[in-house]
Amino acid sequence: MRKLSILLKLSILLHSSCAFAETFIWKVTSTGDDISKGGTLREAILNANAKGAPKGIIDSTITNIIQINIPGNPDPTITLSTEPPLIFSNMEIQGNAGG
């Protein structure tokens, strides 16, 4: 009986300490840099940072995926008007030219 009790307590402890991973997907559909128009790479990076590194501390349970899919353009070039934002989160960038 004591062995069962110890195993049960250990199981509860391990389960309660496990973090659940979250994945967020941000879509880039524009080659522009104006975040007010949406769908820009800059906006995606800023959103990913906000989710994956609140208060500047990286949350290792969160993964951000930035999907670049610019429709109608077989060879898109994203031009940033200023330096890109620093990346403060777990981030994967995927591309698909020509949407």
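**Entry 1: the core**

Which residues make up the largest nonpolar core? I looked this up first, bearing in mind that I am working with a predicted model. The largest nonpolar core holds 11 residues in all, and I listed them as F24, W26, V28, L41, A44, I45, A48, I62, I66, I68 and I70. I then asked which elements give two or more residues to this core, and I found β1 (22-28), α2 (41-52) and β2. I noted beside this that, in soluble globular proteins, nonpolar side chains tend to be buried together.

From the core I picked out A44 and looked up its contacts, leaving aside its neighbours within four places in sequence, and these turned out to be W26, V28 and I66.

**Entry 2: the chain as a whole**

I stepped back to see the order of the elements, and I counted two helices and three strands in the protein chain. Read from the N terminus on, the elements run α-β-α-β-β. Of the 99 residues in the protein chain, buried ones make up 22%. The chain exposes about 7100 Å², and I wrote down that carbon and sulfur atoms supply 60% of that area. I also looked at contacts with a separation of 6 or more, and residues 24 or more positions apart account for 76% of them.

**Entry 3: W26 and its ring partner**

W26 is found in strand β1, and I wanted to know whether to call W26 buried or exposed. I put W26 down as buried, because its relative accessibility is 19% and the cut-off for buried is under 20%. Not counting residues up to four places away in sequence, W26 touches A44, N47, A48, K51, N64, I65, I66 and Q67. I also checked a separation along the chain: W26 and I68 are 42 residues apart, while their C-alpha atoms are separated by 8.6 Å.

The structure holds one aromatic pair. F24 and W26 form this pair, which is stacked, with 6.4 Å centre to centre and 25° between the planes. I kept both values in my notes because a pair of aromatic rings is described by the distance of the centres and the angle of the planes.

**Entry 4: two asparagines**

Where does N64 lie? I found N64 in strand β2, which covers residues 62-71. N64 is buried, since its relative accessible area is 0%. Among the residues that N64 touches, not counting those up to four places away in sequence, I noted F24, W26, A48, S89 and M91.

N49 has its place in helix α2, and I recorded N49 as buried, because its relative accessibility is 10%. Leaving aside its neighbours within four places in sequence, N49 is in contact with P54, L86, I87, F88, S89 and M91.

**Entry 5: the salt bridge**

The structure holds one salt bridge, and I looked up which side chains meet in it. They are those of D33 and R42, with 2.8 Å from N to O. Both partners went into my notes as buried: D33 because its relative accessibility is 14%, and R42 because its relative accessibility is 12%. I added the reminder that side chains of opposite charge can pair when their charged atoms come close.

**Entry 6: loops and the surface**

I turned next to P84, whose place is in the loop between β2 and β3. P84 counts as partly exposed, because its relative accessibility is 47%. How many residues apart in sequence are P84 and D33? I found that they are 51 residues apart in sequence and 9.7 Å apart in space, C-alpha to C-alpha.

L86 is found in the loop between β2 and β3 (91-98), and I marked L86 as exposed, since its relative accessible area is 60%. Together with I58 and F88, L86 makes a nonpolar surface patch of about 310 Å².

My last residue was G38, which has its place in the loop between β1 and α2. G38 is partly exposed, because its relative accessible area is 23%. Leaving aside its neighbours within four places in sequence, I found G38 in contact with S30 and E43. G38 and K27 are 11 residues apart along the chain, and their C-alpha atoms are separated by 9.5 Å.

How values were computed: Residues are numbered from 1 along each chain as its sequence is written. This is a predicted model: local features need pLDDT of at least 70, side-chain atom pairs count only at pLDDT 80 or more; totals for chains, interfaces and linings use all residues. Side-chain values use heavy atoms; hydrogens and water are left out. Helices (H or I, at least four residues) and strands (E, at least two) are DSSP runs, numbered from the N terminus. Buried means under 20% relative accessible area, exposed over 50%, partly exposed in between (1.4 Å probe, protein chains only). Contact means heavy atoms within 4.5 Å. Accessible areas come from the Shrake-Rupley method with a 1.4 Å probe; for residues, only the protein chains shown count as cover. A nonpolar core is a set of buried Ala, Val, Leu, Ile, Met, Phe, Trp, Tyr and Cys residues joined through side-chain atoms within 4.5 Å. Rings of Phe, Tyr and Trp (its six-membered ring) pair if their centres lie within 6.5 Å; planes under 30 degrees apart count as stacked, over 60 as edge-to-face and the rest as tilted. Patches are made of residues with over 30% relative accessible area and no salt bridge: like charges are joined within 9 Å, nonpolar side chains (Val, Leu, Ile, Met, Phe, Trp, Tyr) within 5 Å. A salt bridge is a side-chain nitrogen of Lys or Arg within 4 Å of a carboxyl oxygen of Asp or Glu.
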